[in-house]
Amino acid sequence: MPAIDVPAIRHRFPALAITEGGRPVAYFDGPGGTQVPQTVIDAMTRYLRTMNANHGGHFLTSQRSDALLEHAHEVVADLLCADPDEVKFGANMTTLNFALSRSIGATLGPGDEVVVTWLDHEANVGPWEALARERDVVVRRVDVRTDDCTLDLDALRDAIGPRTRHVAVGWASNAVGTINPVAEIVRLAHDAGATVSVDAVAYAPHVGIDVREVDCDFLLCSAYKFYGPHVGVLYGKRALLDSLPAFKVRPAEDRWETGTQNHEGIAGTAAAVEYLAEVGERFGTPFAEGLSRYGGRRLALKAAMAAIRSTEMELFGRLVDGLESLPGIRMWGILDRARFDERCPTIAFRLADQPPSVTTEALGRLGMFAWDGDYYATGLMERLGLAESGGAVRVGLMHYNTPDEVDRLVDALRDLAR
Ligand SMILES: Cc1ncc(COP(=O)(O)O)c(C=O)c1O
């Protein structure tokens with residue numbers, strides 16, 4: 001029995017009722033972006049109808065808007081186990097990471113080193129490479145083990161040295177699902193005197209986060225990957241956010257939230273986190289191991305993510321069983337069931353020599369939505385030797401996916417594999 005009553009929560013997501021050719025569509029594109037519950041849509045509409053205003057005015061709508069923004073910082077801080085003033089909203093992860101790398105970059109000089117990885121999304125690599133070109137900073141890129149798509153930790157240890165000033169690492173791969181041992185990586189970096197930023201975009205939808213526990217200096221994620229609208233989130237330790245050079249205009253109060261924010265999106269982001277807390281209250285096991293240190297909304301969120309994790313990974317086992325039964329399939333990522341706690345429910349594969357775009361187009365015609373290509377995990381696809389030939393098909397499961405959908409996908413792939 002899954003921890004979550006999936007049919008009950010599916011009713012909350014209007015887009016899950018869309019049909020094509022008389023059949024409900026099935027979303028396997030979660031790693032590219034998730035659907036949103038009605039409460040997120042309502043929160044965004046409510047913002048625009050009742051409190052649409054700029055920041056800091058002496059009148060009703062501005063006061064309501066500011067109260068909403070304050071609330072949103074508190075709610076997202078609970079998701080990450082941070083303080084509200086350590087949470088910064090922005091356009092998306094990529095834009096926030098360009099701002100972060102530019103600020104850290106302003107403290108670096110020729111010969112200073114930044115460590116990135118071949119497993120990461122380009123949004124966690126490109127901004128640091130741009131810095132290297134501008135400031136003569138050396139970027140070291142840590143390799144992946146191509147057999148199971150895990151980070152080569154020995155290579156990471158070798159890459160971190162006395163000149164390392166910053167390590168930018170992903171918590172989970174958006175392409176093949178691998179979870180990196182972030183707490184250990186943070187320890188290695190801190191021992192060398194370097195700061196660490198963690199790209200949690202592909203991790204936050206699947207597993208509970210406690211930034212204090214892993215002790216990362218910065219963490220980035222995107223609300224549209226965890227049932228919210230298109231808004232990015234940056235967490236930073238207060239001392240660093242306050243001391244790094246920031247790129248802001250003179251009158252602005254906040255050093256990181258530049259310009260007027262996407263207020264309605266931030267309202268929707270708070271509602272997405274509140275939806276997750278409700279999942280925790282309804283389906284979570286608040287007395288589960290490791291949760292006794294949390295209370296209130298933080299406890300509900302941790303319980304939600306534990307329930308989501310077990311529900312998704314149970315379904316993922318069914319998906320991998322089905323995929324493994326297909327003739328000629330090649331899969332990338334951890335396949336050993338005993339190591340499934342080292343991965344998220346996202347998998348990349350190819351049906352024999354069928355171009356991945358042919359597979360996803362055929363699935364699309366059948367109302368099953370999946371991505372092909374490199375999904376900006378460009379370096380990984382290069383290392384796997386797939387970049388020149390169309391990458392791979394990517395299927396990701398979220399807590400709203402069902403066993404019926406997975407069986408339908410596997411049946412369709414079996415036909416396509418013939
Ligand atoms: C792992 C990972 N990092 C970063 C990004 C970029 O996020 P954004 O679209 O918010 O810039 C993505 C988006 O797919 C991602 O999956």
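Okay, let's start with one bridge: Ile347 has Val395 in S17 as its bridge partner. Before I go further, remember that what you have on screen is a predicted model.

So, the strands around that bridge. S14, residues 346-351, and S17, residues 392-396, run antiparallel to each other and pair over 4 bridges. They sit in an open sheet of 4 strands, and if you walk across you get S13-S14-S17-S16, with antiparallel pairing. At the edges are S13 (329-332) and S16 (371-373), and each of those pairs on one side only. From one strand to the next the twist averages 30°.

Now the other sheet. What order do its 7 strands come in? The order is S4-S12-S11-S10-S9-S5-S6, again as an open sheet, and here the pairing is mixed. S4 (87-90) and S6 (138-142) are the edge strands, each with a single partner, so one side of each has no neighbour in the sheet. Ignoring direction, neighbouring strands in this sheet are turned by 20° against each other on average.

Zoom in on the S6 end. S5, which covers residues 113-117, pairs with S6 in the parallel sense, over 5 bridges. If you want a residue to click on there, Glu113 stands opposite Val138 in S6.

Next, what packs on that sheet. H3 does, and it touches S4, S11 (218-222) and S12 (232-236). Its direction makes about 110° with that of S4. Then there's H4, residues 93-105, which lies across S4, S9 (164-170), S10 (195-199), S11 and S12. Against S11, H4 runs at about 160°.

On to helix pairs. For these, the general description is the angle between the axes plus the distance between them.

H3 again, this time with H10. H3 is residues 60-80 and H10 is residues 263-283; their axes come within 9 Å and cross at roughly 40°. Why call that oblique? Roughly parallel would need an angle under 35 degrees, so H3 and H10 count as oblique to each other. The crossing is left-handed. On the H3 side, the contact has Ser65, Leu68, Leu69, His71, Ala72, Val75, Val76 and Leu79. Facing them from H10 are His263, Ile266, Ala267, Thr269, Ala270, Val273 and Glu274. Sorted by class, the contact of H3 with H10 comes to 10 nonpolar, 4 polar and 1 charged residues.

H10 has another partner, H2, residues 38-50. Those two pack at about 145°, with axes 8 Å apart, and H2 passes H10 in a right-handed crossing. From H2 you have Thr39, Val40, Ala43, Met44, Tyr47 and Leu48 in the contact. H10 brings His263, Glu264, Ala267, Gly268, Ala270, Ala271, Ala272 and Tyr275. The split for the contact of H2 with H10 is 10 nonpolar, 3 polar and 1 charged. If you flip between the two lists, you'll find His263, Ala267 and Ala270 of H10 in the contact with H3 and also in the contact with H2.

One more pair: H11, residues 296-324, and H14, residues 403-417. They pack at about 15° with their axes 10 Å apart, so H11 and H14 are roughly parallel. This crossing is right-handed. Leu315, Arg318, Leu319, Gly322 and Leu323 of H11 meet Pro403, Val406 and Val410 of H14. By class, the contact of H11 with H14 has 6 nonpolar, 1 polar and 1 charged residues.

Last stop, the ligand. Which of the 14 residues around the ligand come nearest? Those are Asn92, Met93, Thr94, His121 and Asn174. The whole shell divides into 5 nonpolar, 8 polar and 1 charged. And a link back to the helices: Met93, one of those nearest residues, is in the range of H4, which spans 93-105.

Okay, that's my tour. Over to you.

Definitions and conventions
Residues numbered from 1 in each chain as written. Predicted model: local features only at pLDDT ≥ 70, side-chain atom pairs only at ≥ 80, totals over all residues. Axes fitted to C-alpha atoms, helices over the stretch in contact; angles between N-to-C directions. Parallel < 35°, antiparallel > 145°, perpendicular 65-115°, else oblique. Left-handed = near helix turned anticlockwise from the far one by under 90°. Contact = placed C-beta atoms within 7 Å. Nonpolar A, V, L, I, M, F, W, Y, C, P; charged D, E, K, R; others polar. Pairing = 2+ DSSP bridges. Near = placed C-beta within 6 Å.
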